[in-house]
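Trainee: I should like to take a close look at a single part of this model. Could you describe that part and its surroundings in one connected account?

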Amino acid sequence: MQKPVELILPKIERAIFIEGYPGIGLVGHIAANFIAKELNMEMIGYVESPFLPPMSLILEGKPNPPLRFYGKDNIIIAVADIYIPPTLVNEIAKEIVGYLKENNAEKVISLGGMGIGFFKEQMEVWGVGGSEEENKDLEKLGVKILKYGSIMGMSGKLLWEASKERLKAYALLGETFGDRPDPRAAANVIEILKNLAPIEVSTEPLLKEAEMIEEQLRKMHEQMESARRRVEKEYESVYL
């Protein structure tokens, strides 16, 4: 009987596994792809499943699988460019954790977003570890520990499966408005990640991208506000 999921991935001992599947604000997705690009990582594997959509993702003129693994030294980054049904998320997470346990992984880190529905001057990073020891690691880095709530999708499932197998596991969630891609939240998450993994990247390009998006949103808001005032003025002139 064919397995629902197969990982095509070379054996890497003592791996640091970083997951950045799509989620709120695309925070993890943006962060993971940015790191892979900045570190010139190569694609080293992918997820095979008959339950994935029949498609190729074209990147720089070449076909790629939608669920990929990038690697450099002992760092593995998992990225996805499609929505994955919950049942398939469960199977993929179990296969990943099985692989990591077999190869004595050093730690598992999930990157994602936490939608708060508003903006504030200093957007923070929340997190939770697979055990109290990992929570203490995060607290030392200034991460706010999530005491109650839920983490959906691959990040939540990986955290649970890894903790069951007593792997060091962390989930980092950058605060984000939640309704649009948020490179600033991705940058905030990466800054924390750099203390948990040997990753040296500057988040300046992400912050510049965030400023461009924020400026576009500000102009859109001004245009909408100007149009609203104009309509109100026209109504006033009709009834005077």
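**Strand 7 and its neighbours**

Mentor: Because the model is a predicted one, what follows is a reading of computed values. Phe-17 is buried, with a relative accessible area of 0%, and that residue offers a convenient way into the region around strand 7.

The protein contains 6 helices and 11 strands, and 45% of its 240 residues count as buried. Strand 7 covers residues 75-80, and 6 of its 6 residues are buried, so the strand is largely enclosed by the rest of the structure. In a regular strand, side chains point alternately to the two faces of the sheet. In strand 7 both faces are covered. Ile-75, Ile-77 and Val-79 are buried on one side, while Ile-76, Ala-78 and Ala-80 are buried on the other.

Two strands may now be placed beside strand 7. Strand 2 runs parallel to strand 7, and 5 bridges join the two; within this pairing, Glu-19 has Ala-78 of strand 7 as its bridge partner. Strand 6 runs antiparallel to strand 7, and here 6 bridges make the connection. Tyr-70 has Ile-77 of strand 7 as its bridge partner. Strand 6 and strand 7 form a hairpin with 2 residues between the strands, in which Asp-73 adopts a positive phi near 55°. Ala-78 and Ile-77, the partners named above, belong to opposite sides of strand 7.

Strand 2 and strand 6 also supply the two members of an aromatic pair. The structure holds 1 such pair. Phe-17 and Phe-69 form it, with 6.2 Å from centre to centre and 55° between the planes, an arrangement classed as tilted. Phe-17 lies in strand 2 (residues 16-20) and Phe-69 in strand 6 (residues 67-72), so the pair ties together parts that are 52 residues apart in sequence. Phe-69 is buried as well, with a relative accessible area of 0%. Strand 2 and strand 6 are thus linked to strand 7 through bridges, and the aromatic pair joins a residue of strand 2 to a residue of strand 6.

The wider protein gives a setting for this part. Among contacts with a separation of 6 or more, 76% are between residues 24 or more positions apart. The protein exposes about 13600 Å², of which carbon and sulfur atoms supply 54%. Another ring is found at Phe-177, where Arg-180 lies over the face at 5.0 Å from the ring centre.

How values were computed:
Residues numbered from 1 in each chain as written. Predicted model: local features only at pLDDT ≥ 70, side-chain atom pairs only at ≥ 80, totals over all residues. Heavy atoms only, no water. Phe/Tyr/Trp six-rings, centres within 6.5 Å; stacked < 30°, edge-to-face > 60°. Helix = DSSP H or I, 4+ residues; strand = E, 2+ residues; numbered from the N terminus. Buried < 20%, exposed > 50% of the residue type's maximum accessible area, 1.4 Å probe, protein only. Lys NZ or Arg CZ within 6 Å of the ring centre and 35° of its normal. Contact = heavy atoms within 4.5 Å. Areas by Shrake-Rupley, 256 points an atom, 1.4 Å probe, with all protein chains shown as cover. Pairing = 2+ DSSP bridges.
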